[in-house]
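Reader: Hi! I am in my first year and still learning how to read a protein model. Could you pick one part of this one, look at it closely with me, and then show me what lies around it?

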Amino acid sequence: LTFATNNADLMRYAARPKNAMWTQVAGYPIGTGLIAFFGVFIVSASQVIYGKVLWDPIAILDGFLTQKYDAKTRCGVFFLGLGFSFAQVTTMIFANLISAGNDTAALVPRFKRGAIICMVLAFAITPWNLTKTSFAFTNYLNRY
């Protein structure tokens, strides 16, 4: 859903309006459909393998290690975890950095690299500390 709402930020760079139409009509439904298919497929396979439905990908990876803890399994789980991390980072870049960078560049037109400002600010506020404890999170929400 985030990519659909940020589509205008990406499609304004299209050469012609028709170029943007095809990514919206074909690309988004096919991409989300494939992700949904593989998600349902993997979750249903977890019920066959483990005897219970596991929706959390980390729990599925933990199940791999619980069943067979050898070098090949650890290596496979490491690369799958690395893939999950890569997917999360790229999702956050496309979901947040591009639109925030465009907004920052619009606020300060002389500075063309608004995404760099937003990226530096994203690390400067240390968002991982906002959810460290329940008190810190509710305190953040209260101030927000």
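Author: Happy to! Let's start with one small detail: the side chain of T32 reaches the backbone oxygen of P29 at 3.3 Å. Please keep in mind as we go that this is a predicted model. T32 has its place in helix α3, and that helix is the part I would like to look at with you. T32 counts as partly exposed because its relative accessibility is 37%, which falls between the limits of 20% for buried and 50% for exposed. To get a feeling for distances, find R143 as well: T32 and R143 are 111 residues apart in sequence, and their C-alpha atoms are 35 Å apart in space.

Now move along the helix to S46. Helix α3 covers residues 17–50, and S46 is found in it. Is S46 buried or exposed? S46 counts as buried, because its relative accessibility is 2%. The side chain of S46 has two polar partners for you to find. One is the backbone oxygen of V43, reached at 2.6 Å. Another is the backbone nitrogen of L54, which the side chain of S46 reaches at 3.1 Å. If we set aside residues up to four places away in sequence, S46 touches G51, K52, V53, L54 and I60. So L54 turns up twice, as a polar partner of the S46 side chain and in this list of contacts, which is no surprise because the cut-off for a contact is 4.5 Å between heavy atoms.

Next, let's look at some aromatic rings. F37, F38 and F41 form one aromatic cluster. How do we describe two rings together? A pair of aromatic rings is described by the distance of the centres and the angle of the planes. Across the whole structure, a search finds 4 aromatic pairs. One of them joins F37 and F38, with 5.3 Å from centre to centre and 70° between the planes. This pair is called edge-to-face because its angle is over 60 degrees. Another pair is made by F78 and F79, also edge-to-face, with the centres 5.2 Å apart and 75° between the planes. As for the surroundings of F38, this residue counts as partly exposed because its relative accessibility is 45%.

F38 also leads us to a pocket. The largest pocket has a volume of about 490 Å³. Which residues lie nearest its centre? They are F38, G39, I42, P57 and F84, out of 20 residues that line the pocket. Two or more lining residues come from each of α3, α4 (57–67) and α5 (71–107). Our helix does the most here: α3 gives the largest share of the lining, 11 residues.

Since α5 is one of the elements that line the pocket, let's visit it too. V77 is found in helix α5. V77 is buried, because its relative accessible area is 13%, under the limit of 20%. Beyond residues up to four places away in sequence, V77 touches L61, F64 and L65. For a longer view, look at T138: the C-alpha atoms of V77 and T138 are separated by 34 Å, and these residues are 61 places apart along the chain.

T104 also has its place in helix α5. T104 counts as buried because its relative accessibility is 17%. Leaving aside neighbours within four places in sequence, T104 is in contact with G114, I117 and C118.

Two more stops before you explore alone. The charged end of R74 sits over the ring of Y69, 4.9 Å from the ring's centre. And in helix α7, which spans residues 134–143, you will find N139. N139 is partly exposed, because its relative accessible area is 26%. The C-alpha atoms of N139 and F86 are separated by 30 Å, with their positions 53 residues apart along the chain.

To come back to our chosen helix, α3 holds T32, which is partly exposed, and S46, which is buried, and α3 also supplies the largest share of the pocket lining.

Terms used
Residues are numbered from 1 along each chain as its sequence is written. This is a predicted model: local features need pLDDT of at least 70, side-chain atom pairs count only at pLDDT 80 or more; totals for chains, interfaces and linings use all residues. Side-chain values use heavy atoms; hydrogens and water are left out. Rings of Phe, Tyr and Trp (its six-membered ring) pair if their centres lie within 6.5 Å; planes under 30 degrees apart count as stacked, over 60 as edge-to-face and the rest as tilted. Buried means under 20% relative accessible area, exposed over 50%, partly exposed in between (1.4 Å probe, protein chains only). A charge sits over a ring if NZ of Lys or CZ of Arg is within 6 Å of the ring centre and within 35 degrees of the ring normal. Helices (H or I, at least four residues) and strands (E, at least two) are DSSP runs, numbered from the N terminus. A polar contact is a pair of N or O atoms within 3.5 Å; within protein, one must be able to donate a hydrogen and the other to accept it, and residues adjacent in sequence count only if both atoms are side-chain atoms. On a 1 Å grid over the protein atoms alone, a cavity is a set of points where a 1.4 Å probe fits but cannot get out, and a pocket is an open set with protein on both sides within 12 Å along at least five of seven lines; lining residues have an atom within 4 Å of a point. Grid points are joined across faces, edges and corners, and a volume is the space filled by probe spheres set on the points.
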